[in-house]
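Here's a quick tour of one model, taking in its charged pairs and its nonpolar interior. Have the structure open as you read.

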Amino acid sequence: MTDSQESDITTQSFLEVIKDLHSQYKSLSEGKVANYIPELAKLNPNLFSICIVTVDGEIYEVGDYQQLFTIQSISKVFVYGQALEDHGKDYVLTRVGVEPTGDAFNAIILDEKSKRPYNPMVNAGAIATTSLIKGNGATEKLNRLLEMYKRYIGRDVFVDISVFTSERSTGHRNRATAHLMLNFGMIDQNIEEALDLYFQQCSVLVTCKDLAVMAATLANKGVNPITKEKAIDSQYIKDILSVMYTCGMYNFAGEWAYKVGIPAKSGVCGGIIAVVPGKMGIGVFSPLLDMRGNSVRGVKVCEELSHRLGLHLFESGKNS
């Protein structure tokens, strides 16, 4: 069999699988659209898309893959990477731990001994991570994050001002968390500036395809497989993927690791990214969320993809 024949079979398999999964789960109506941020409650619950991008730059997509939505907590993965590049792993570890919590994503808790937030994938840790981003003032910091997104996605991105304003005006719990961390010295800059930057990073508009490209960039050692631009120093990929694997799905992280077995991150707009190192990135978007804040259809799709394509990191006999 020639390489081109193998490629055709792989292409056909990916397309068939995601089309089948989209058809299988599009009628699933379990879950609710996030409403604790008023703007998010306006999302159409029927929106649903799946996208796979390989490290060779092949793109397979089905459903509403051009629909824009805000990235929300998936941003935590990439801002954590920027903080690692800005300060190095050792310093970042003094401010944010890497332990899973078993608690909800917005729990107001810190490690009793170190006073650090437990990990950068929960809100407390993400706010601390955002406060580490370098820049002379709020505008430069935001521009640096937007440039970072551009490297991962391959196009300019923008903040949804309506969502940002909505998050800013209702983010009292995040504000309380920030004040707690200020009390213990985990944040050493203006709280409102750090929170504004955090709300803005979560309010960046992306598509399902964008998510898959971002995930594929992580799978491709930090190089965007479409543009070939280096998005992040490859030395930090293992740190990012490790935290995604153990903490990315909040208090569902253990069951996710058991059933799906690949690094992932969810967001309350209904997005999920999943990374198969050296092979592909997966993006799924569906706004209906379960009680933990994860996309109901997204979790189902990723479980099926892992099973059908043999993606679990510890699957016996898995190809290298």
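Is R308 buried, partly exposed or exposed? This is a predicted model, and in it R308 counts as partly exposed, with a relative accessibility of 35%.

## A pair within one helix

R308 doesn't sit there alone: its side chain meets that of E304 in a salt bridge, 3.2 Å from N to O. Both belong to helix α12 (residues 296–309), and because they are four residues apart, about one helical turn separates them. E304 is partly exposed too, at 22% relative accessibility; the cut-off for buried is under 20%, so E304 doesn't make it into that class.

There's a bit more going on here. D20 joins E304 and R308 in one network, built from salt bridges that share partners.

## Pairs that reach across the chain

Side chains of opposite charge can pair when their charged atoms come close. Searching the whole structure turns up eleven salt bridges, and a couple of them are worth a look for how far along the chain they reach.

Take K89 and D239, whose closest N and O atoms are 3.5 Å apart. The two are 150 residues apart, so this pair links distant parts of the chain: K89 is in helix α3 (residues 89–95) and D239 in helix α10 (residues 237–247). Here the acid is the buried partner, as D239 has a relative accessible area of 11%, whereas K89 is partly exposed at 33%.

Then there's K141 with E193, where the closest N and O atoms are 2.8 Å apart. This one also links distant parts of the chain, 52 residues apart, with K141 in helix α5 (residues 138–153) and E193 in helix α8 (residues 191–202). This time the lysine is buried: K141 has a relative accessible area of 9%, while E193 counts as partly exposed at 25%.

## The nonpolar interior

Now for the greasy side of things. How many residues make up the largest nonpolar core? It has 75, and F78 and L218 are the ones with the most contacts inside it. Helix α9 (residues 208–219) gives the most to this core, putting in nine residues.

If you'd like to look around F78, leave aside its neighbours within four places in sequence: F78 is then in contact with M148, Y152, M214, L218 and I273. Apart from this core lies another, of 29 residues, including L21, I52, A264 and L311.

Terms used
Residues are numbered from 1 along each chain as its sequence is written. This is a predicted model: local features need pLDDT of at least 70, side-chain atom pairs count only at pLDDT 80 or more; totals for chains, interfaces and linings use all residues. Side-chain values use heavy atoms; hydrogens and water are left out. A nonpolar core is a set of buried Ala, Val, Leu, Ile, Met, Phe, Trp, Tyr and Cys residues joined through side-chain atoms within 4.5 Å. Buried means under 20% relative accessible area, exposed over 50%, partly exposed in between (1.4 Å probe, protein chains only). Contact means heavy atoms within 4.5 Å. A salt bridge is a side-chain nitrogen of Lys or Arg within 4 Å of a carboxyl oxygen of Asp or Glu.
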